[in-house]
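Biologist: Please show me the model, and then let us go through the site of its ligand.

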Amino acid sequence: MAESNSRNSADASAAGTGTSRDSAAEQRSGVRRRGMLGLLGGGVAGLVAGGVGGSVAGAEREKRRTAAAPRASDLTYDFEGGHQAGIITEVQDQMHFAAFDLADDTDRDDLIELLQDWTTAAWRLVLGGEVSARGAFGGGTLFPPDDTGEAFGTGPEGLTLTFGFGRSLFEDASGRDRFGLRRHLPEHFSTLPVMANDFIVPETSEGDLCIQACANDPQVAVHAIRNLTRIAVGKASIRWSQLGFGRSSTTTAEQETPRNLFGQKDGTNNIKADETAALAEHVWIDASNGPAWAVGGTYLIARRITMTIEVWDSLQLGEQERVTGRDKHEGSPLSGGTEFTPPDFSKTDDRGNPVIDERSHVFRAHPDNNGGVRMLRRGFNFVDGNDAQGRLEAGQFFIAFVNDPARFSRVHRNLARDDLFVEYLKTTGTGVYLVPPGVRGADDHIGRSLLTAG
Ligand code: HEM
């Protein structure tokens, strides 16, 4: 079997699996995946080896080729761990996010069954498998196939699936405790205040559940959401969703900082996967800030932010840099140095004015000006066509992970109040979801700690 090109070491070590970075690397799919493939059955094993329907000679050739040079498409991340994947995982290139509403007649048992079914499917999907052993072609010609088939043969492409729970799962808008979960609602699970330039469309906001699918191939991410949605039929349906491309942040020091649709380097001062202390302080829920069932989890904040691209494009370069607080080419702070030099907010020009404007985005968002609060950003660009005037309906699907939504609100309030940048942004969709801890072992399922909490 071809070795996968897994990069799960940072996840596994930070997830508290009791392994160092190096030993976590040894757990790469070579070990973990063989175990899982046994669990999933030969159909998936064959698929992951890249040999479905091929001749023995062809399969042998493929094995030799992949042994010599692992294909990027074989990249896999562990589904199992103390934290879910897709948070500190090196940001992939593509995203499909979907929020779901549970049907009115869905009860607690249905919810548990759905989370179990999603978990089983997720184990398979992140390995590049089909959604079931019968898959797209093995169920006979008289039945609709279990798997929709569009990702057949693509490889796992670094797929991660991150599941979250909306506040309405614990208590809906009319105060109903539909699933007997209200008593487990974390004290910190707040909603976000309305901000300047919020044009929130309620129909494309919030939701009972969410799934963030990230991969390096858009078809793999879309396939995952599509098939998980099919599994939910009768119990839950998509409330809103968003496709994203071109990551707009970095989560490892090795990743080059990408540029967002304003052409800015985005993700420079983000929390990185190896900043264990910062992750513990700002991202992971622990016993000091959440209930026992949520420890190891985090909150996913989603904001669909439209960027007024055409207006921005007409700004002089100097003004674009003043609004950001960073040099557009280098990404360095206007106070000098290189991209990763910390900004010096006390530096002034000849006339005594601060060189980094106090209303710039970097000034308003920086931890020094927000009581030390940081967040892990993991957003994606989107372009959803154009409006009647031909302007792009484009922006950033901003995603941040924090261990308390109020910490995000604090920074956002500081931006919304006086950030020059806000003039070029319009938020149309929003959601806060508690991402429970990861799955441990084949008997576990997403959300089990919540649904079995006393
Ligand atoms: C479309 C919307 C946005 C765009 C295009 C954008 C762009 C940027 C850019 C270019 C940087 C500087 C480079 C970096 O350190 O990553 C930055 C930094 C940052 N942004 Fe945003 N941003 C957006 C929205 C937001 C929102 C809604 C928040 C949170 C409320 C936020 C929080 C931050 C933080 C915390 C930093 C790091 C500041 C620092 O420590 O220096 N951003 N953003």
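Biologist: Which of the 23 residues around the ligand come nearest?

Modeller: This is a predicted model, in which local features need pLDDT of at least 70, side-chain atom pairs count only at pLDDT 80 or more, and totals for chains, interfaces and linings use all residues. Residues are numbered from 1 along each chain as its sequence is written, and side-chain values use heavy atoms, with hydrogens and water left out. Counting a residue as near if one of its heavy atoms lies within 4 Å of the molecule, the shell divides into 10 nonpolar, nine polar (Gly among them) and four charged (Asp, Glu, Lys and Arg) residues. Those that come nearest are G267, T268, N269, H361 and R377.

Biologist: How far from an oxygen atom of the ligand does the polar side-chain atom of R377 lie?

Modeller: Polar contacts here are pairs of N or O atoms within 3.5 Å. A backbone N or O atom of G267 is 2.6 Å from a ligand oxygen, while for a polar backbone atom of T268 the distance is 3.0 Å. For the side chain of R377, the distance to a ligand oxygen is 3.0 Å.

Biologist: Which residue in β8 is the bridge partner of R377?

Modeller: Strands are DSSP runs of E with at least two residues, numbered from the N terminus, and two of them pair if DSSP finds at least two bridges between them. Strand β6 (residues 376-377) and β8 pair in the antiparallel sense over two bridges, whereas β5 and β8 do so over eight. I301 stands opposite A400 in β8, and the bridge partner of R377 in β8 is likewise A400.

Technical notes. A polar contact is a pair of N or O atoms within 3.5 Å; within protein, one must be able to donate a hydrogen and the other to accept it, and residues adjacent in sequence count only if both atoms are side-chain atoms. Helices (H or I, at least four residues) and strands (E, at least two) are DSSP runs, numbered from the N terminus.
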